[in-house]
Amino acid sequence: MLEQDTYFDSIKERDIDLLLIEELHIEPSFQQFIFESLIPQQKSVSFIGAWHPVSTHNGESDVIVIFSDENGKIVALLIENKINASAQYRQGERYIERSKEGTKNGI
């Protein structure tokens with residue numbers, strides 16, 4: 001018998017990533033919520049896109065979300081999630097390196 005409140009036997013990182021990307025691409029209020037939650041001092045932005053996964057020579061970002069502010073400045077959010085996984089070697093540092101490379105190369 002199926003239990004009425006158990007819809008999935010497990011949730012994987014990729015499931016969360018794909019739901020996040022889908023919502024970002026279809027729901028402007030969610031785009032604004034994500035941006036304002038992470039960068040509250042900046043209010044007016046335009047959603048450009050969200051991608052998964054994004055790999056470079058020094059690792060992979062689960063999700064990258066790109067916005068443009070009212071002055072045309074590009075703002076990128078590199079999102080990592082962990083479900084039943086531990087951080088990889090130098091993971092935080094490599095995220096910082098990827099963000100600096102993206103800034104240098106114009107994303």
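Start with the whole chain: among contacts between residues at least 6 apart in sequence, 42% join residues at least 24 apart, a contact being heavy atoms within 4.5 Å. What you have open is a predicted model, in which local features need pLDDT of at least 70 and side-chain atom pairs count only at pLDDT 80 or more, while totals for chains, interfaces and linings use all residues. Residues are numbered from 1 along each chain as its sequence is written, and side-chain values use heavy atoms, with hydrogens and water left out.

**The whole chain**

Switch to a cartoon and you get three helices and five strands, in the order α-α-β-β-β-β-β-α along the sequence. Helices here are DSSP runs of H or I with at least four residues, strands are runs of E with at least two, and both are numbered from the N terminus. Along its principal axes, the C-alpha trace spans about 55 × 35 × 20 Å. Turn on the surface: the chain exposes about 7,600 Å², and carbon and sulfur atoms supply 55% of that. Those areas come from the Shrake-Rupley method with a 1.4 Å probe; for residues, only the protein chains shown count as cover. Of the 107 residues, 31% count as buried; that label means under 20% relative accessible area, with exposed over 50% and partly exposed in between (1.4 Å probe, protein chains only).

**Helix α1**

Now select 13-26, which is α1. Its 14 residues should span 20 Å at 1.5 Å a residue, and the end C-alpha atoms are 20 Å apart, so the two agree. (The expected span is 1.5 Å times one less than the number of residues.) Show the side chains of Asp-17, Leu-20, Ile-21 and Leu-24, the buried residues of α1. They sit on the same side of the helix, because they cover an arc of only 95 degrees around the axis, taken from the directions from the helix axis to the C-beta atoms. What covers them? Add α2, β1 (45-51), β4 (63-69) and β5 (74-79) to the view, as the cover includes these.

**From α2 to β4**

Next, pick Gln-31 in helix α2, residues 28-38. Is Gln-31 buried or exposed? Gln-31 has a relative accessible area of 12%, so it counts as buried. Leaving aside neighbours within four places in sequence, Gln-31 is in contact with Leu-24, His-25, Phe-47 and Phe-67.

Follow that last contact to Phe-67, which lies in strand β4. Phe-67 is buried, with a relative accessible area of 1%. Outside four places in sequence, the contacts of Phe-67 include Phe-35, Val-45, Ile-48, Ile-74 and Leu-77. For a distance check, put a ruler from Phe-67 to Asn-84: they are 17 residues apart along the chain, with C-alpha atoms separated by 30 Å.

**Out to the surface**

Go back to Ile-11, in the segment before α1. Ile-11 is partly exposed at 36% relative accessible area. Select Tyr-7, Phe-8 and Ile-16 along with Ile-11, and you have a nonpolar surface patch of about 460 Å². Patches are made of residues with over 30% relative accessible area and no salt bridge; like charges are joined within 9 Å and nonpolar side chains (Val, Leu, Ile, Met, Phe, Trp, Tyr) within 5 Å.

**Last stop: a salt bridge**

The structure holds one salt bridge, a side-chain nitrogen of Lys or Arg within 4 Å of a carboxyl oxygen of Asp or Glu. Select Arg-90 and Glu-97: the closest N and O atoms are 2.4 Å apart. Arg-90 is partly exposed at 33% relative accessibility, and Glu-97 is partly exposed at 29%.
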